[in-house]
Amino acid sequence: MPLDLSTSPIAARWPLHHPDFIQLYTEHTPNGAKVSIALEELGLPYEVHHVSLAAKEQKTQEFLHLNPNGKIPAIIDPDGLDGAPTGIFESGAILFYLAEKTGRLMPMDAAGRLETLQWLMFQMASIGPMFGQFGHFYKVMAGKLTDPYPVEKYATEARRLYSVIETRLDGRDWLVGDSFSIADIAVAPWIWCMEEIYRGGDLIGAQGFPNLRRWYDAITQLPSWERGLFVGK
């Protein structure tokens, strides 16, 4: 959406020190990491604004002016649509916008573009919500539940989604095309979250997916992963 940075409420709460940079409003979460990893991979200059989820800053009126849904991440591109400052929310939409803006991280032919969007939506619609539910019941609610059903349900679904990725990566290095793309960027931080934050790897048998392991290990060796993963912490 078009924004006037001189009067925007979000700029008043989180002052812009580099107004010509992309402004990233984020927290240390897998969805937040997607955007910082993409920005690092693209080499675009950006300024980070920490939005504290613990303090519920994402629900303040200033942040809601940028994202009415009150979720991180969000960005403002000062050189956005028609050269005007443009705000974008939803991590998948931001990845798609950055790929289109730069002509990188996504095939530009119609078939490749569509294929990328399908795998991007796969992450948004399935991996994020299902892994998130697993983490809630397995980690957040640990010791508070007597019924094993929620953990079993979401562990089974997480294992199935790992299998989808495993099958997709059979005979290929990346989820789409011949190179690293926004599809890979969308999925990989959720694998990290499942295994390093939720500590659910053993329960779902994460080591039993060799194609996924090879792909994930390659991503974690990228400089953009190292630089982008902990932005917003």
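How do the residues of the lining of the largest pocket divide into nonpolar, polar and charged? I shall take that question as the starting point for this presentation. The structure before you is a predicted model, and what follows should be heard with that in mind.

The answer is that the lining of the largest pocket holds 10 nonpolar residues, nine polar ones and four charged ones. The volume of this pocket is about 600 Å³. There are 23 lining residues, and those closest to the centre of the pocket are Thr29, Asn31, Lys71, Ile72 and Trp190. As for secondary structure, helix 2 (30-42), helix 5 (110-140) and helix 7 are the elements that each give two or more residues to the lining.

Ile72 deserves a further remark. The peptide bond that joins Ile72 to Pro73 is cis, with omega at about 0 degrees. Pro73 itself belongs to the loop between helix 3 (61-66) and strand 3.

That brings me to the sheet. Four strands make up an open sheet with mixed pairing, and their order is 2-1-3-4. At the edges are strand 2 (46-50) and strand 4 (86-89), each of which pairs on one side only. From one strand to the next, the twist averages 20 degrees. Helix 2, already mentioned for the pocket lining, also packs on this sheet, where it touches strand 1 (22-26), strand 2 and strand 3. The direction of helix 2 makes about 155 degrees with that of strand 1.

Consider next the pairing of strand 3 (residues 74-77) with strand 4. These two strands run antiparallel and are joined by four bridges. In one of these pairs, Asp77 has Thr86 of strand 4 as its bridge partner.

Let me turn to the start of the chain. Leu3 lies in the segment before helix 1 (9-13). Is Leu3 buried or exposed? Its relative accessibility is 12%, and because buried means under 20%, Leu3 counts as buried. Which residues does Leu3 contact, once its neighbours within four places in sequence are left aside? They are His65, Leu66, Ile76, Pro85 and Gly87. A further pair is Leu3 and Gly80, which stand 77 residues apart in sequence, with 9.8 Å between their C-alpha atoms.

Two residues call for attention on account of their backbone angles. The first topic is Glu90, which is not a glycine and yet has a positive phi of about 75 degrees. Glu90 sits in the loop between strand 4 and helix 4 (91-102). With a relative accessible area of 34%, Glu90 is partly exposed. The other topic is Arg199, also a residue other than glycine, whose phi is positive and near 60 degrees. Arg199 is placed in the loop between helix 7 and helix 8 (201-204). Its relative accessible area is 56%, and Arg199 is therefore exposed, the cut-off being over 50%.

Finally, I come to helix 9 (residues 210-220). Its buried residues are Asn211, Leu212, Arg213, Trp215, Tyr216, Ile219 and Thr220. An α-helix has 3.6 residues a turn, so residues three or four places apart point the same way. What do the buried residues of helix 9 pack against? Their partners are helix 6 (149-168), helix 7 (182-197) and helix 10 (223-228). Helix 7 thus appears in two parts of this account: as a packing partner of helix 9, and as a contributor to the lining of the largest pocket.

Key:
Residues are numbered from 1 along each chain as its sequence is written. This is a predicted model: local features need pLDDT of at least 70, side-chain atom pairs count only at pLDDT 80 or more; totals for chains, interfaces and linings use all residues. Side-chain values use heavy atoms; hydrogens and water are left out. Buried means under 20% relative accessible area, exposed over 50%, partly exposed in between (1.4 Å probe, protein chains only). Contact means heavy atoms within 4.5 Å. On a 1 Å grid over the protein atoms alone, a cavity is a set of points where a 1.4 Å probe fits but cannot get out, and a pocket is an open set with protein on both sides within 12 Å along at least five of seven lines; lining residues have an atom within 4 Å of a point. Grid points are joined across faces, edges and corners, and a volume is the space filled by probe spheres set on the points. Ala, Val, Leu, Ile, Met, Phe, Trp, Tyr, Cys and Pro count as nonpolar, Asp, Glu, Lys and Arg as charged, and the others, Gly among them, as polar. Two strands pair if DSSP finds at least two bridges between them. Axes are lines fitted to C-alpha atoms, for helices over the stretch in contact, and angles run from 0 to 180 degrees between N-to-C directions.
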